[in-house]
Amino acid sequence: MTLGGTLRATTTFVILVLLHYTLRPLLGWRAPMDFLVLALLLVSIRLRPATAALVGLAIGLVSDSLTPDSLGAGAVAMTIVGYVASWLKAVFFADNLALNAFFFFLGKWVFDVIYFVVEGRLGGIELVQQLLLWSPLSAAATAVAGILLLFIMRPLLEPARA
Amino acid sequence: MARAVRSTSSRFDLIALGTCALLALIARGLPPNLRDPVATSMRRTFLAPLVMLQERAEASRRSLLLDQQRTAITDSVALRAMTVSSLEDENAKLRRLIGLGGRLKWGFIPAEAIHGRGVRDVTTMTLTAGSAAGVRRLSPVVAPEGVVGMVTDVDPTMSQAMIWTHPDFRVSAMSEDGAAFGIVQAHLASATTGYLMELRGIPFRTALKPGTLILSSGLGGVWPRGIPIGRVLEEVKTSEGWARTYLLRPAVSPADVGAVMILRADRISQGFDNVWTNVAAVDSAARAIAAAGDSLAKTAALAEAAARRAAIEAVSRDTSHATSGIPGGLPPELLPDTSLQEAAPLSDSAIEARRRAAARKARRDSLARDSAERDTLVMSPTRGIIR
């Protein structure tokens, strides 16, 4: 990746992290959009799997530090999601909005599944309800937000053409 | 060669994934006493700006929600405040009606008036009581304020009443003192002045002052005696030379008629002399009591002020006597300001207060002298009685 590409990816990443800690709590939805997962996915497709896993671990630990009871659960989930996203980038990141939306949706849902299973706080009906109702809703909101951001930040995400 | 490089690379990726996952799981498995310091140190160092951002965002959201709640509360309070005055009016009307029922004691049928058409042209109304409740044709309909109308048609459950605004409505009337008798009917020429009444047929030699209360006279057999109809506004100039016509302000406004009472025939025969007149008497008595209370309070306040002034004067006199013993006396700024009291003439109550104070002082002195003499007698038993 070129220096310009690295800078653009970093800027996008920072913007998404800031959105996660400002817009998300401001909206306060029951099924919130996850800008950290979006940031991880958008960065992972530009990195090799090992680096993506490392970035996932870092983002996961950062997000877990605000919920000390589940410290590590987000890190595990982010690590796996980052690695898999980087590994599957050739499959999913075609120039197709529907595929991108599905990629975002799947990334957030897989993250939630791993997170809630590793966290172990929910169980039984609550876990099923969370994974089959609220997580898909949250994943859908994340996918919609991701598509909107792709539109808005296209100049940042696309490499400059000569 | 390329396959070998790819294989090495993917092995490295897998090792990195395993390491990262292991580290994450180790973090997950940390005991709480180790987990909390790690999380806290992260929040306090490089995560502090993000934590601050999140706190502010949540605070903004809370304030937004609170503002919405506050707006909703304000709106609901404003909405309730809009209905308060109408509820108060309705309460006052119902209280008056209950008071009338208490004074009538028996022989009446309470009913609700249903207005069928617009407010400006009300001449009839439907009542929610019919023959099953004892309502008969030509039964008088009254309100706590006075005459409303008369029943014209009766159904088993409902009845129709003609309000006094109807062109055919008549009631025999008299002035409050019984000096003048006439017939009251609606004043039909009052399209712009609202609902008014006319008192016709008053003898020319009898003049009524504005504000005179007009009551039903009981003549004619339909309306009992003593029900308020209205108050005289002014005389209406007519071409009739033998009688006067007066404009009346009605006791009951047709638009305000809600709950009414229909009088039964057996109750009418008993008379209503003290039912409506008591209301006016009670009102005037209440006003008189309030005025008397105010007057007494004013008098008491004046007397108290005079007594206080007299006491201040006495103190100032004592002070001046005492300071006269001091060489040079007190400086002028420490002396009480009595110039105004000395310059102002004393009121009767102040003089009376002074006189009473002097009498009390003299009585105290004489008692003290008597007591001193008794003490002297008691304290000198061995020396005999010495006066």
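A crossing of two helices is called right-handed if the near helix is turned clockwise from the far one by less than a right angle, and left-handed if anticlockwise. Keep that in mind for the first stop, and remember that you're looking at a predicted model.

**Stop 1: a helix pair.** Select residues 97–119 of chain A, which is helix α6, and then residues 125–152 of chain A, which is helix α7. Their axes sit 8 Å apart, at an angle of about 145°. Which hand does the crossing of α6(A) and α7(A) have? Right-handed. Colour the contact between α6(A) and α7(A) by class and you'll get 15 nonpolar, six polar and two charged residues.

**Stop 2: the big core.** Now pick A:Leu38, A:Ala39, A:Leu40, A:Leu41 and A:Val81: in the largest nonpolar core, which has 49 residues, these touch the most other members. Several helices of chain A supply at least two residues each, including α6 and α7, and so does α1 of chain B. The top giver is α4(A), with 10 residues. Zoom in on A:Leu38 to find its contacts further along the sequence, among them A:Leu16, A:Phe104 and A:Leu149.

**Stop 3: another core.** Jump to B:Val142, B:Val147, B:Met162 and B:Leu263, which belong to a second, separate core of 47 residues.

**Stop 4: where the chains meet.** Show both chains again: 28 residues from chain A and 27 from chain B make up the contact. Which helix gives the largest share of chain B's side? Select α1(B), which brings 11 residues. By class, chain B's side has 18 nonpolar, two polar and seven charged residues.

Methods:
Residues are numbered from 1 along each chain as its sequence is written. Chains are lettered from A and ligands numbered from 1 in the order in which they are written. This is a predicted model: local features need pLDDT of at least 70, side-chain atom pairs count only at pLDDT 80 or more; totals for chains, interfaces and linings use all residues. Axes are lines fitted to C-alpha atoms, for helices over the stretch in contact, and angles run from 0 to 180 degrees between N-to-C directions. Helices (H or I, at least four residues) and strands (E, at least two) are DSSP runs, numbered from the N terminus. Ala, Val, Leu, Ile, Met, Phe, Trp, Tyr, Cys and Pro count as nonpolar, Asp, Glu, Lys and Arg as charged, and the others, Gly among them, as polar. Two residues are in contact if their C-beta atoms, placed from the backbone, lie within 7 Å. A nonpolar core is a set of buried Ala, Val, Leu, Ile, Met, Phe, Trp, Tyr and Cys residues joined through C-beta atoms within 7 Å. A residue is buried if 20 or more other C-beta atoms lie within 10 Å of its own, exposed if 12 or fewer, and partly exposed in between; C-beta atoms are placed from the backbone. Lists of a residue's contacts leave out its neighbours within four places in sequence.
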